[in-house]
Amino acid sequence: MKLEVKNICCIGAGYVGGPTMAVIADKCPEINVNVVDKNEKRLKGWNSLDLSLLPVYEHGLDKLILRCRGRNLHFSNDLEKHISEADMIFISVNTPTKSKGIGAGQASDLKWIDASAREIAKYARGETIVIEKSTLPVRTAQTIKEILDSSSLLNQNKKFTVLSNPEFLSEGSAINDLENPDRVLIGGDDEDSINALTKIYLKWVNPEKILTTNLWSSELSKLSANAFLAQRISSINSISAICEATGADIKDVSKAIGTDSRIGEDFLNAGPGFGGSCFKKDILNLVYIANHYGLKEVASYWQKVVDINNWQTKRVSSLIVEKLFGTISSKKIAILGYAFKANTNDSRESAAISVSKELLNEGGNICIYDPKVSISQIKSDLVEDPIHLSNLEKSEGGWASAPTAIEAIKGSDAVVILTEWEEFRSLNWSKVASLMRPPSWIFDTRSIIDLEDAKKYGLNIWSIGLGN
Ligand code: NAD
Ligand code: UGA
């Protein structure tokens, strides 16, 4: 396989494809990077002159786009052209959980991977290195190889190698994670192709941080890393419930556990349950794979991580109803934060979706404020139209969105903090208390507020892992 990479194509201009390719284009100005997608709305966003309209919000992304777009970074719908010109193709398409058919609810839906492999098989010319950037079930590279090899049989000029190069970025810190990765993992069996990809990363990553393995270890490592991270969250969330029952404080417990260097302090923040597009789907995929290989005990072990997560989210919505005297019918509840974590506009699998739906179902009127998630996104998550903010109080089981936290809080019986946005840490509690209808409740599911300060103004406060 040739070593010189001049043209890169990335299929999928999503949360991974966009930022990842922006960083590669920035670090490798001599390489032409084309990100292709079929979603015209997304492409319009990526090509927008107004950088606030980029489809992905990440700190520092706008600067990268400004620097590289139109120079050596392009967003396009022309798959044929850019696949045919590419020496290296990243597949960065979505791989959600299957919603129907064999493995529904657990296995990854590989239809977008299959479609991408077929587009590559059809349009690629000459020697092409194909890279799995998406998170995939173990041995997917074999499927991709078989689709690609079938086209090589028909056209001897087409030659393919497949590598696995999973992405470990976290949303909210994507650019920093990409520029300073803990490690870069490359799985494969073709030395020249591995070297070609390594050469790109070496532009900004120390060689000792580049790990190479076989394909299957690389694919499995990505699923396992997410499962381990999610497992820590379910572990600390399970302990948060014990804290609330016993008078222990989850923050103290997290600190006491985390200062053991063998455990470490990261990922020990109790919360309303992990969200995001990947943890749940990747664990369910692991469960599916374990079952497939007859490893029932392994499957049920990992399934529990998801079960505890669902339980934690449900626990939060139930106790809100309980604290508000068992009924929230026509009461106004302010939801502060809707994204699945701070510093992102992504709401996929956010605990806020489940909590909001439960509260609406109980007849509560909810008023949502999030600094980055769009109202159209909330509407599509809740599968229900919003009502005008001024009509909310006349409603029962309706929702509206507010332009600021304070607007959302006005006239509310309860405030529920679901995302740890910085601005919620420093709310003016005196003002909040004066705007709410007593008896007023604050539910801090992220444990971020200054409890002593808030309590001074007569607010009832429930905090995760502490209770009230
Ligand atoms: P996404 O849904 O934001 O983006 C995927 C894009 O691929 C979409 O814009 C879609 O239109 C496009 N697409 C799908 N099929 C296509 C085709 N045949 N041709 C052209 N475009 C096509 O998904 P994402 O969050 O970027 O995740 C992509 C993959 O990366 C997933 O496997 C995910 O598990 C993994 N991953 C995600 C993250 C994250 O933080 N979001 C982090 C690490 C890994
Ligand atoms: C996660 C992993 O951290 C990335 O390494 C991985 O690449 C990515 O999934 C992926 O494969 O998609 P991400 O989902 O973007 O990244 O964000 P995280 O910071 O991991 O947070 C996930 C969820 O866990 C959020 O809802 C967050 O609020 C929650 N969380 C996180 C906690 O409740 N407590 C914590 O201590 C940490």
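# Ligand 2 and selected side-chain contacts

Leu-169, Glu-171, Cys-278, Phe-340 and Arg-446 come nearest to ligand 2, out of the 19 residues that surround it. The structure is a predicted model, and every distance and area below is to be read as a value computed from that model. Beyond the ligand, a search of the whole structure finds 22 salt bridges, of which some are described here together with the surroundings of Gly-397, a residue in the loop between helix H14 (375–382) and strand S11 (399–401).

**Surroundings of ligand 2**

- The shell around ligand 2 is made up, by class, of 10 nonpolar residues, four polar residues and five charged residues.
- Helix H9, which spans residues 215–246, gives the most to this shell, contributing four residues.
- The side chain of Arg-446 places an N or O atom 2.7 Å from an oxygen atom of ligand 2, and Asn-226 likewise has a polar side-chain atom that lies 2.8 Å from an oxygen atom of the ligand.
- Leu-268 approaches through its backbone, where an N or O atom lies 3.4 Å from an oxygen atom of ligand 2.
- Taken alone, ligand 2 exposes 700 Å², and the protein buries 91% of that area.

**Salt bridge between Glu-119 and Lys-38**

- The side chains of Glu-119 and Lys-38 meet in a salt bridge, with 2.5 Å from N to O.
- Because Glu-119 lies in helix H5 (residues 111–123) while Lys-38 lies in the loop between strand S2 (32–36) and helix H2 (40–46), the pair ties together parts that are 81 residues apart in sequence.
- The two partners have opposite burial classes, since Glu-119 counts as buried at 14% relative accessibility, whereas Lys-38 is exposed, with a relative accessible area of 57%.

**Salt bridge between Lys-133 and Glu-167**

- A salt bridge also joins the side chains of Lys-133 and Glu-167, at 3.0 Å from N to O.
- Lys-133 belongs to the loop between strand S5 (127–132) and helix H6 (140–154), and Glu-167 to the loop between strand S6 (159–164) and helix H7 (174–179), so this pair ties together parts that are 34 residues apart in sequence.
- Lys-133 is buried, with a relative accessible area of 3%, and Glu-167 is buried as well, with a relative accessible area of 13%.

**Lys-281, Asp-282 and a salt-bridge network**

- The side chains of Lys-281 and Asp-282 meet in a salt bridge of 2.8 Å, N to O.
- Lys-281 counts as buried at 11% relative accessibility, and Asp-282 counts as buried at 2%.
- Elsewhere, Glu-171, Asp-346 and Arg-348 are joined into one network by salt bridges that share partners, and Glu-171 is also among the residues that come nearest to ligand 2.

**Gly-397 and its contacts**

- Gly-397 counts as buried, because its relative accessibility of 16% falls under the 20% cut-off for that class.
- When its neighbours within four places in sequence are left aside, Gly-397 is in contact with Leu-360, Gly-363, Gly-364, Asn-365 and Glu-384.
- Gly-397 and Lys-332 are 65 residues apart in sequence, and their C-alpha atoms are 9.5 Å apart in space.

Key. Residues numbered from 1 in each chain as written. Chains lettered and ligands numbered in written order. Predicted model: local features only at pLDDT ≥ 70, side-chain atom pairs only at ≥ 80, totals over all residues. Heavy atoms only, no water. Near = heavy atom within 4 Å. Polar contact = N/O pair within 3.5 Å; in protein donor to acceptor, adjacent residues only side chain to side chain. Areas by Shrake-Rupley, 256 points an atom, 1.4 Å probe, with all protein chains shown as cover. Helix = DSSP H or I, 4+ residues; strand = E, 2+ residues; numbered from the N terminus. Nonpolar A, V, L, I, M, F, W, Y, C, P; charged D, E, K, R; others polar. Salt bridge = Lys/Arg side-chain N within 4 Å of Asp/Glu carboxyl O. Buried < 20%, exposed > 50% of the residue type's maximum accessible area, 1.4 Å probe, protein only. Contact = heavy atoms within 4.5 Å.
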